[in-house]
Amino acid sequence: MPRYLFIEIGCKLIFRYSEAMSNHLSPQELLAQLKETGVTQKDIANFLGIPQSAVSNISRGLRRMQHDEYARLSNLLRGSTKPRTLEIPIIGLSGAGQWVEAIEQADNFLTLPSVIGSNELRASFAVEVVGDSMDQIMPEGTFAVVDTGQVDLFSSACYLLMNPEGEATIKRYRSDPARFEPVSSNPEYKPFNVGTTDFRVIGRVVYALRKF
């Protein structure tokens, strides 16, 4: 089975942190309870996208658990004894222009832990990134998980866009002035201001998954 590094795009977990901390479990107690339910340190490391040695250091009090790590592991503990899975269709960027039809005809699917999105994740599909226009955060081959329930624009968030010809692209939104920009090591890619290009926001990229 392929192993993936999960990268959360944006700051969706801030409000869940307070809820998780209300349990009054220390990070070490949280890890211990997960262990009792059968979740190994290797499972946790893969789930958080950190080295297994980092999990071991947290359990020994040698590394501080980050707020978002605490929240996600608390959700995992409440969710099940093992990470449950959520299966979403993968469509190519060339097919994202007609994404409804592409989803219905998809024969490839991406399996990811459902707890990463909790009940807020309304992801309709994933797209495989091609090219180098976003290579600093999403290199070619990355799977971008798109939440079609999020179309409002927030600065620094990434979105899947579609033009009238049905061509799709991923870009990062910036405000003042309102624009979409590449995040690329290739200087040939240029940002464009909102209003100068005809496009539709399909959804927000909430996770990027890279094989390792």
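Does Ser156 count as buried, partly exposed or exposed, and at what relative accessibility? In this predicted model, Ser156 counts as partly exposed, because its relative accessibility is 39% and the partly exposed class lies between under 20% for buried and over 50% for exposed. Ser156 is part of the loop that joins strand E5 (143-147) to strand E6 (158-162). Its backbone is also worth a look: phi of Ser156 is near 80°, a positive value in a residue other than glycine.

The chain as a whole gives the setting. The protein chain has six helices and 10 strands. It is built of 212 residues, of which 43% count as buried. Its accessible surface comes to about 11100 Å², and carbon and sulfur atoms contribute 50% of that area. Among contacts with a separation of 6 or more, 67% are made by residues 24 or more positions apart.

Helix H4 (residues 52-59) is a convenient place to start. Its buried residues are Ala54, Val55 and Ile58. These three lie on the same side of H4, because they cover an arc of only 100° around the axis. The spacing follows a general rule: an α-helix has 3.6 residues a turn, so residues three or four places apart point the same way. After H4 comes Gly61, which has a positive phi, near 80°.

H4 also meets another helix. Two packed helices are described by the angle between their axes and the distance between the axes. For helix H2 (residues 27-36) and H4, the axes come within 8 Å and cross at roughly 120°. On the H2 side the residues are Pro27, Gln28 and Leu31, and on the H4 side they are Val55, Ile58 and Ser59. By class, this contact of H2 with H4 consists of four nonpolar residues, two polar ones and no charged ones. Val55 and Ile58 thus appear twice in this account, as buried residues of H4 and as residues that meet H2.

Charged residues can be found under cover elsewhere. Arg72 lies in helix H5 (residues 67-79). Arg72 counts as buried because its relative accessible area is 6%, and the limit for buried is under 20%. The side chain of Arg72 reaches the backbone oxygen of Phe47 at a distance of 3.1 Å.

Glu181 is a second case, this time in a strand. Glu181 belongs to strand E8 (residues 179-181) and is buried, with a relative accessible area of 12%. What does the side chain of Glu181 make a polar contact with? The partner is the side chain of Arg174, at 3.0 Å. Leaving aside residues up to four places away in sequence, Glu181 touches Arg174 together with Met134, Lys171, Arg172 and Pro191.

The loop that leads into E8 has its own backbone features. Strand E7 (168-174) and E8 are joined by a loop that holds Pro177, and Asp176 lies in that loop between E7 and E8 as well. The peptide bond from Asp176 to Pro177 is cis, with omega near -5°. Asp176 has a positive phi of about 55°, although it is not a glycine. Asp176 counts as exposed because its relative accessibility is 75%, whereas Glu181 in E8 is buried at 12%.

How values were computed. Residues are numbered from 1 along each chain as its sequence is written. This is a predicted model: local features need pLDDT of at least 70, side-chain atom pairs count only at pLDDT 80 or more; totals for chains, interfaces and linings use all residues. Side-chain values use heavy atoms; hydrogens and water are left out. Buried means under 20% relative accessible area, exposed over 50%, partly exposed in between (1.4 Å probe, protein chains only). Helices (H or I, at least four residues) and strands (E, at least two) are DSSP runs, numbered from the N terminus. The arc is that of the directions from the helix axis to the C-beta atoms. Contact means heavy atoms within 4.5 Å. Accessible areas come from the Shrake-Rupley method with a 1.4 Å probe; for residues, only the protein chains shown count as cover. A polar contact is a pair of N or O atoms within 3.5 Å; within protein, one must be able to donate a hydrogen and the other to accept it, and residues adjacent in sequence count only if both atoms are side-chain atoms. Axes are lines fitted to C-alpha atoms, for helices over the stretch in contact, and angles run from 0 to 180 degrees between N-to-C directions. Ala, Val, Leu, Ile, Met, Phe, Trp, Tyr, Cys and Pro count as nonpolar, Asp, Glu, Lys and Arg as charged, and the others, Gly among them, as polar.
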